[in-house]
Amino acid sequence: MSTAAELQELLADGDEINIVCHDNPDPDCLASALALGRIAAAAGIDERHILYSGAISHQQNRAFVNLLDIDIQPFDPAAVTDRPPDSLLAFVDHSIPGENNQVPEGTPIDIVIDHHPAEEVEARFVDRREEVGAAATILTEYVQALGIEVDSRLATALMVAIRSDTLDFLRGATRAEYEAAGFLQEDVDGDMVRQISSPSVTGATLDAISTAIDNRMTTGAILISHVGRTSERDSLPQAVDYLARLEGVQTAIVFGIVEDTIHVSARSPDPRVHVGNLLRDAFEDVGSGGGHHDVAGGQIPLGIFADYTTDDEQLLDIVERVITDRLSKGLNISEDEES
């Protein structure tokens, strides 16, 4: 039996499905959830819910939800606890309860479809392929294999997701992404793709990128910078994507404070650096971090540093020194300089 058929057989036993996105979901997660919902509908499940926590703040993510009219609801823990046997729980684009989601640790999961590195993933159905560039690629394969009707909305969502997670096929794209795109192309709304891919940018995002440019520190091919305090969490990946293009830079890391959390975003095409492992090792004792070898992110609660919020300049100085020191040790910057 094929993987898609196994999924369809499991879904046939359910009357309800709650598809939980990771915190602050991006197009890959949202499109994958939409596609899984269509597959569930074809399997006879009438009650389908896409749930999320955090915020949909990135300009592209907001445009994606609004233009494609994605029916997405805030996550409520009651939806996944003490549920009846015919109520299924699915993760797309993430895999472990309590990690980058608000699902209580230890909650039984029915379905996991993901492409991120992870350990000890437990679910009745697991399809986790680190080698592919997007979770939407896997869902496109299912849609094709199961003969699910693909309308313009679904095709456009999946295409935007694949393009977004692979930087328009320039990062981590495999043959599977090109084959998925070829299958979807005929039904894609090109005008909508352009609208979603080129949304307007807020002034706060431009300010954060400008601050990151001003604060950059480079050592060899490594760049570390920060945006200070910002209300735009998604300005960090936009800033690091911009700085990673600087001539001579192979690894770029940008961090900043958003409300009561330090967020970190990293990029590295350098095969000698695995930024997912770097952020995990640097912050696992105080927060969380991880991702792919070339794209990663992390979060560290301010904790006791939050007491300095009345003196933001002092807080930023402490955060800058602590985060930079941990990253420098992980990257062996001091050793590189001595040699």
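## Naming the elements

Helices (H or I, at least four residues) and strands (E, at least two) are DSSP runs, numbered from the N terminus. With that in hand, let's walk through this model, which is a predicted one. One loop to keep in mind is that between E5 and E6, where glutamate 120 lies; we will come back to this residue below.

## The parallel sheet

Let's start with an open sheet of six strands, whose order is E3-E2-E1-E4-E5-E6 and whose pairing is parallel. Its edges are strand E3 (73–74) and strand E6 (125–128); each has a single partner strand, so one side of each has no neighbour in the sheet. At the E6 edge, strand E5 (residues 111–114) and E6 run parallel and are joined by four bridges. Here aspartate 114 is found opposite arginine 128 of E6.

Two helices pack on this sheet. Helix H1 (residues 3–11) touches strand E1 (16–20), strand E4 (87–92), E5 and E6, and its direction makes about 145° with that of E6. Helix H4 (residues 135–146) touches E5 and E6, with its direction at about 115° to that of E5.

## Two residues with positive phi

Most residues other than glycine have a negative phi. Aspartate 93 is not a glycine, yet its phi is positive, about 70°. You will find aspartate 93 in the loop between E4 and E5. Glutamate 120, also not a glycine, has a positive phi of about 55°.

Which of the words buried or exposed fits aspartate 93? With a relative accessibility of 2%, aspartate 93 counts as buried, because buried means under 20%. Glutamate 120, in the loop between E5 and E6, has a relative accessibility of 71% and counts as exposed, because the cut-off for exposed is over 50%.

## Nonpolar cores

In soluble globular proteins, nonpolar side chains tend to be buried together. In this model, the largest nonpolar core holds 58 residues, and Leu11, Ile17 and Ile113 have the most contacts inside it. Helix H2 contributes the most to this core, giving nine residues. Looking at isoleucine 17, and leaving aside residues up to four places away in sequence, we find it touching Leu11, Leu36, Ala40, Ile45, Glu47, Arg48, His49, Leu88, Ala90 and Ile111. Apart from the 58-residue core there is another one, of 23 residues, including Ile222, Ile224, Leu331 and Ile333.

## Where H2 meets H5

Helix H2 (residues 27–42) also pairs up with helix H5 (residues 152–165): their axes come within 8 Å and cross at roughly 145°. The crossing of H2 and H5 is left-handed. From H2, the residues taking part are Pro27, Asp28, Ala31, Leu34, Ala35 and Arg38; from H5 they are Arg153, Leu154, Ala157, Leu158, Val160, Ala161, Ser164 and Asp165. By character, this contact is made up of nine nonpolar, one polar and four charged residues.

## The mixed sheet

Now for another open sheet of six strands, this one in the order E7-E8-E9-E10-E12-E11 with mixed pairing. Strand E7 (217–219) and E11 are its edges; each has a single partner strand, so one side of each is left without a neighbour in the sheet. Direction ignored, neighbouring strands here are turned by 15° against each other on average.

Within it, strand E9 (residues 251–258) and strand E10 (residues 261–267) are antiparallel partners over seven bridges; isoleucine 257 has isoleucine 262 of E10 as its bridge partner. Strand E11 (residues 288–291) and strand E12 (residues 295–301) also run antiparallel, joined by four bridges. A hairpin of three residues connects E11 to E12, and glycine 290 faces glycine 297 in E12. Helix H10 (residues 275–283) lies across E9, E10, E11 and E12, at about 170° to E11.

## An enclosed helix

How many of the nine residues of helix H9 (residues 235–243) are buried? Seven are, so H9 is largely enclosed by the rest of the structure. The buried ones are Ser235, Leu236, Pro237, Gln238, Ala239, Val240 and Leu243. These buried residues pack against helix H3 (59–67) and helix H8 (203–214), and also against strand E8 (222–229), E9 and E10.

Key: Residues numbered from 1 in each chain as written. Predicted model: local features only at pLDDT ≥ 70, side-chain atom pairs only at ≥ 80, totals over all residues. Heavy atoms only, no water. Axes fitted to C-alpha atoms, helices over the stretch in contact; angles between N-to-C directions. Left-handed = near helix turned anticlockwise from the far one by under 90°. Contact = heavy atoms within 4.5 Å. Nonpolar A, V, L, I, M, F, W, Y, C, P; charged D, E, K, R; others polar. Core = buried A, V, L, I, M, F, W, Y, C linked by side-chain atoms within 4.5 Å. Buried < 20%, exposed > 50% of the residue type's maximum accessible area, 1.4 Å probe, protein only. Pairing = 2+ DSSP bridges.
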